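This report describes the architecture and packing of one protein chain. Please consult the sequence and the coordinates alongside the text.

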Amino acid sequence: MLPGGLASGGGGRGGGLCLLRWLGLRLWSRRGTLVFALLWFGSWLFLNGLVLVHRSILSDYCTDDKSKRILQRLCLEFGEGAVTGDMCEDLCVLGLVEYKRCLYYENGKKVIEARWRGNPVILKSKLENFSSYEPLGILDYQDTAEELSPLDVVFYATLEVRNSLGLAEEDEDEEGGGGSNSSLARLWGKKLKNRDKSYTRAELASLWSLLQQEEYTFLRVLQDLSTHVAKVLGSCGHFYAVEYLSAGHAWDQNIFSLEEVAVSGLRGQGRAGPGAQWRWTAREMVHRIALSFLDMVWHFDNDFTHKLHLCDIKPENFAIRKDLTVVAIDVDMAFFEPKMRDILDQNCSSDDDCNFFDCSSRCNLNKRRCSPRRRNTNLQVICEKIFRPWFSPTLLGAKAGLPLQVELQRAVQECSETEGGVDEREEDGGGGGETGRGRGVHQRLLNILTRLLQEGGASGEGGGAWEGKGRIHTALNF
């Protein structure tokens, strides 16, 4: 009995072990299936995310093929009569606009280098497709476009310009110095208000797509008022052409390619060749460019009814002409005082909440509100980001110890630390502009740079603007 019992007990234990093994296999199988499903799902999510990121990168990737297709689509729309402009026939019919290369696609903005009638130009549009812009609502009504008079067009365009610049009616009138007709005459040329026939739907649609681009509006309004903004040379549909200039680079110790400017200047004077020499040395060119920066700051602070604030100051957003005039070529982040106040006026818990790129204000902790008035200035940021690298002892080398250079370095240091905005006591009393200290720093820099040029024996004066070889842009060549 005992052996049988043992056998019986052993069989029971064996059956129990089999049952446990079977249950373990089932559990492991379910766990493995679950793990496999989770791994598969995670891999699927990763691959799909990778594809989406890849597509988003490629969708804004700068390629020649895509750029050419964009221009081909624009010409197709011109052929269909949907768009027009004073550059369209040269681009689409006569072949006088030669594509060179794609510069960049950034945040929807398309920038292309080309040659127009032999002159280098930059083609720009805030959006890739003409259809992406909001249409002029009045065009939805049948035959309304044919009934619009030139005065009606001036009225609608003026409203859009005021909205784009963030100016009230009286501000825009003062900005133009002669009323809305005068402002729009500068925008679209004298032929706009003297036109004796109605505008076509293509003309109105193209005009409206251009006015929705803040940078275009800024450049067109300011280019007849200041030499420190890029010139708009023409347009076709939603694309507009601006003058090609030598832009700055953060990696260049002189910020601008001075050699390129010198060679370009020599060619312009017909003196290009192995033995030809430019009339200014590299340091003299840097001093002249610095003086032009000071001139630009002064004009932007004082020439308009409202101060013009530059909130994205970096080398890439500026360029120089052959005469070393500094030019703002990217003004997407430039705002007149009223719009600047609207941007800065927001809730805050510290001063860090009151920074908008290079424009900043203070946080009123009692009100938990940012001051609507800018604390720093254009000059202060230019001293910090451009002048300090330029005039650093490391870059100057042995000349860094010269008395005037030491004085310049100290002035630049003081400039970068001088806040030219109003303080809290002045906020409720009105008034703006630089404080006396800010103006003093500007004058001190001006004097030192002028003395450096005099010591260097530099000759010739800069300042003339490039005239585009006689071509005057009248928006749509009305």
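How many helices and strands does the protein chain have? The count is 17 helices and 14 strands.

## Overall features

The model under discussion is predicted. Its protein chain comprises 478 residues, of which buried residues make up 46%. Contacts in the protein chain between residues at least 6 apart in sequence were also classified by separation: 67% of them join residues at least 24 apart. The protein chain exposes about 24700 Å², and carbon and sulfur atoms supply 54% of that area.

## Nonpolar cores

The largest nonpolar core has 74 residues. Within this core, Phe293, Phe387, Trp390 and Leu445 have the most contacts. Helix H12, spanning residues 282-302, gives the most to this core, contributing 10 residues. Apart from this core lies another, of 23 residues, which includes Leu91, Trp116, Leu233 and Ala241. As a general background, nonpolar side chains in soluble globular proteins tend to be buried together.

Which residues are in contact with phenylalanine 293, leaving aside its neighbours within four places in sequence? They are Phe256, Phe318, Val326, Ile382, Ile386, Phe387 and Trp390.

## The E4-E5 hairpin

Strand E4 covers residues 232-236, and 5 of its 5 residues are buried, so the strand is largely enclosed by the rest of the structure. Strand E5 (residues 239-243) runs antiparallel to E4, and 4 bridges join the two. In this pairing, glycine 234 stands opposite alanine 241 in E5.

E4 and E5 form a hairpin with 2 residues between them. Glycine 237, in the turn, has a positive phi of about 60°. The hairpin can also be related to the core of 23 residues, as Leu233 and Ala241 are among the members of that core.

## The E6-E8-E9 sheet

An open sheet of 3 strands follows the order E6-E8-E9, with antiparallel pairing. Its edge strands are E6 (246-247) and E9 (326-328), each of which pairs on one side only. E6 and strand E8 (residues 318-320) pair in the antiparallel sense over 2 bridges. Alanine 247 has alanine 319, in E8, as its bridge partner.

## Helix H13 and its cover

Which residues of H13 are buried? They are Glu337, Met340 and Leu344. Seen down the axis of H13, the buried residues fall within an arc of 55°, so they line one face of the helix. The elements covering these buried residues include strand E7 (308-310), strand E10 (334-336), E11, strand E12 (359-360) and E14.

## Salt bridges

The count of salt bridges comes to 19. One of them joins arginine 101 and glutamate 113, with the closest N and O atoms 2.7 Å apart. Arginine 101 lies in strand E1 (residues 97-106) and glutamate 113 in strand E2 (residues 109-116), so the pair ties together parts that are 12 residues apart in sequence. The two partners fall into separate burial classes: arginine 101 counts as partly exposed at 41% relative accessibility, whereas glutamate 113 is buried, with a relative accessible area of 12%.

Glutamate 215 and lysine 124 meet in another salt bridge, at 3.2 Å from N to O. Since glutamate 215 belongs to helix H10 (residues 214-222) and lysine 124 to strand E3 (residues 119-125), the pair ties together parts that are 91 residues apart in sequence. Both partners are buried: the relative accessible area is 2% for glutamate 215 and 6% for lysine 124. These two residues also take part in a network of salt bridges that links Lys109, Lys124, Glu215, Asp330 and Asp332.

## A salt bridge between loops

Aspartate 351 forms a salt bridge with arginine 375, the closest N and O atoms being 3.7 Å apart. Aspartate 351 lies in the loop between helix H13 (337-344) and strand E11 (355-356), and arginine 375 in the loop between strand E14 (369-370) and helix H14 (378-390), so the pair ties together parts that are 24 residues apart in sequence. Aspartate 351 counts as partly exposed at 30% relative accessibility, while arginine 375 is buried, with a relative accessible area of 17%.

Technical notes:
Residues are numbered from 1 along each chain as its sequence is written. This is a predicted model: local features need pLDDT of at least 70, side-chain atom pairs count only at pLDDT 80 or more; totals for chains, interfaces and linings use all residues. Side-chain values use heavy atoms; hydrogens and water are left out. Buried means under 20% relative accessible area, exposed over 50%, partly exposed in between (1.4 Å probe, protein chains only). Two strands pair if DSSP finds at least two bridges between them. Contact means heavy atoms within 4.5 Å. Accessible areas come from the Shrake-Rupley method with a 1.4 Å probe; for residues, only the protein chains shown count as cover. A nonpolar core is a set of buried Ala, Val, Leu, Ile, Met, Phe, Trp, Tyr and Cys residues joined through side-chain atoms within 4.5 Å. A salt bridge is a side-chain nitrogen of Lys or Arg within 4 Å of a carboxyl oxygen of Asp or Glu. The arc is that of the directions from the helix axis to the C-beta atoms.
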